[in-house]
Amino acid sequence: MRNFTCVNDIGPLDKAVAEALEVKSNRFAYKHLGENRTLMMIFFNSSLRTRLSTQKAAMNLGMNVIVLDVNQGAWKLETERGVIMDGDKPEHLLEAIPVMGCYCDVIGVRSFARFESKEDDYQEKVINQFIRYSGRPVFSMEAATRHPLQSFADLITIEEHKTKSRPKVVMTWAPHPKALPQAVPNSFAEWMNATDYDFVITHPHGYELDPAFVGRATVEYDQDKALAGADFVYAKNWSAYADPNYGKVLSTDRAWTVTAEKMALTDNAFFMHCLPVRRNMIVTDDVIEGPRSLVIPEAANREISAQVVLKRILQDL
Ligand code: CP
């Protein structure tokens with residue numbers, strides 16, 4: 001593997017999951033792969049899980065790790081070419097990227113959608129510049145339109161807990177006070193569409209995702225109908241995708257919050273969320289703390305998804 005930005009980069013999912021379970025059963029078996037290799041993790045945005053799980057995965061593989069928070073301690077970076085740099089950004093990304101590439105063997109990048117331009121966000125300008133100019137393998141630690149390490153961890157978690165060969169997985173929009181990117185729901189949809197699961201997306205009118213990510217999913221605007229018979233409920237907020245409302249909050253309707261009453265409509269479904277989660281906006285305390293909540297196993301599997309990706313990158317260096 002050279003770069004990892006989407007589901008297509010991982011190859012057949014059955015093989016990827018089998019490899020993940022093998023790594024999970026003996027996470028230090030490949031420690032030799034990372035000897036004298038350095039991972040640089042570059043964060044344009046905050047993180048708890050991605051930062052810790054990816055660093056742990058790299059350590060399991062014997063790598064050295066450098067973490068750079070671009071907005072804390074580094075020069076502010078200009079990202080647009082052609083800009084007259086007379087403002088508060090003293091360094092351009094086009095010099096910074098190859099410089100960072102000099103100090104490492106592999107680069108992980110976290111760079112969220114900025115909501116300044118839908119075109120720029122959906123062209124993945126920042127991570128694509130790293131792929132083009134760093135000279136190193138690059139993997140996404142959540143980019144503008146996808147969060148593939150999260151989706152891979154979600155898939156591993158579903159495979160570990162499913163009791164039917166073809167479970168019903170429902171991704172439901174839930175309310176949140178701030179505008180969030182579409183990266184997690186896009187990516188989860190993309191990975192679910194690559195399985196043979198019964199996959200349903202439910203959200204209020206106005207929150208339609210990019211059809212390229214919706215794919216073969218059934219879209220149901222009635223949340224109660226969507227949840228009927230579900231085996232897994234994946235809750236997430238996202239902002240509007242469609243113009244002219246791109247990046248906007250259209251509703252904070254708490255009738256969409258995942259409650260015990262909503263979960264009672266399902267087939268004793270597991271509850272999933274990528275975290276961080278706003279309790280009693282997205283999901284009630286009793287559901288997230290309940291015996292069917294998978295939020296902690298999902299987070300634990302972030303170490304495993306990162307380790308499979310890093311292992312494959314190191315094997316192809
Ligand atoms: N789920 C996830 O990516 O968490 P962080 O934003 O804390 O990394």
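In sorting the residues of a pocket lining by class, Ala, Val, Leu, Ile, Met, Phe, Trp, Tyr, Cys and Pro count as nonpolar, Asp, Glu, Lys and Arg as charged, and the others, Gly among them, as polar. By this scheme, the lining of the largest pocket in this predicted model comprises 10 nonpolar, eight polar and six charged residues. That pocket has a volume of about 430 Å³, and 24 residues line it, with Phe112, Glu142, Lys236, Leu275 and Pro276 lying nearest its centre.

The second largest pocket has a volume of about 220 Å³, and its lining divides into five nonpolar, four polar and three charged residues. Among the residues that line the second largest pocket are Phe44, Asn45, Val70 and Asn71, together with Lys76, Lys89, Phe112 and Arg114.

From the pockets we turn to two individual residues. Methionine 41 is found in strand S1, which covers residues 38–43, and because its relative accessible area is 0%, methionine 41 is classed as buried. Leaving aside neighbours within four places in sequence, methionine 41 is in contact with residues including Thr50, Arg51, Val65, Ile66, Val67, Leu68, Gly108 and Met141. The C-alpha atoms of methionine 41 and tyrosine 234 are separated by 28 Å, the two residues being 193 residues apart along the chain.

Tyrosine 234 appears again among the contacts of phenylalanine 188, which, not counting residues up to four places away in sequence, also touches Ser151, Asp154, Ile158, Val169, Met171 and Phe199. Phenylalanine 188 lies in helix H7, residues 183–193, and is likewise buried, with a relative accessible area of 0%. Between the C-alpha atoms of phenylalanine 188 and valine 214, 26 residues apart along the chain, the separation is 9.8 Å.

Methods
Residues are numbered from 1 along each chain as its sequence is written. This is a predicted model: local features need pLDDT of at least 70, side-chain atom pairs count only at pLDDT 80 or more; totals for chains, interfaces and linings use all residues. Side-chain values use heavy atoms; hydrogens and water are left out. Helices (H or I, at least four residues) and strands (E, at least two) are DSSP runs, numbered from the N terminus. Buried means under 20% relative accessible area, exposed over 50%, partly exposed in between (1.4 Å probe, protein chains only). Contact means heavy atoms within 4.5 Å. On a 1 Å grid over the protein atoms alone, a cavity is a set of points where a 1.4 Å probe fits but cannot get out, and a pocket is an open set with protein on both sides within 12 Å along at least five of seven lines; lining residues have an atom within 4 Å of a point. Grid points are joined across faces, edges and corners, and a volume is the space filled by probe spheres set on the points.
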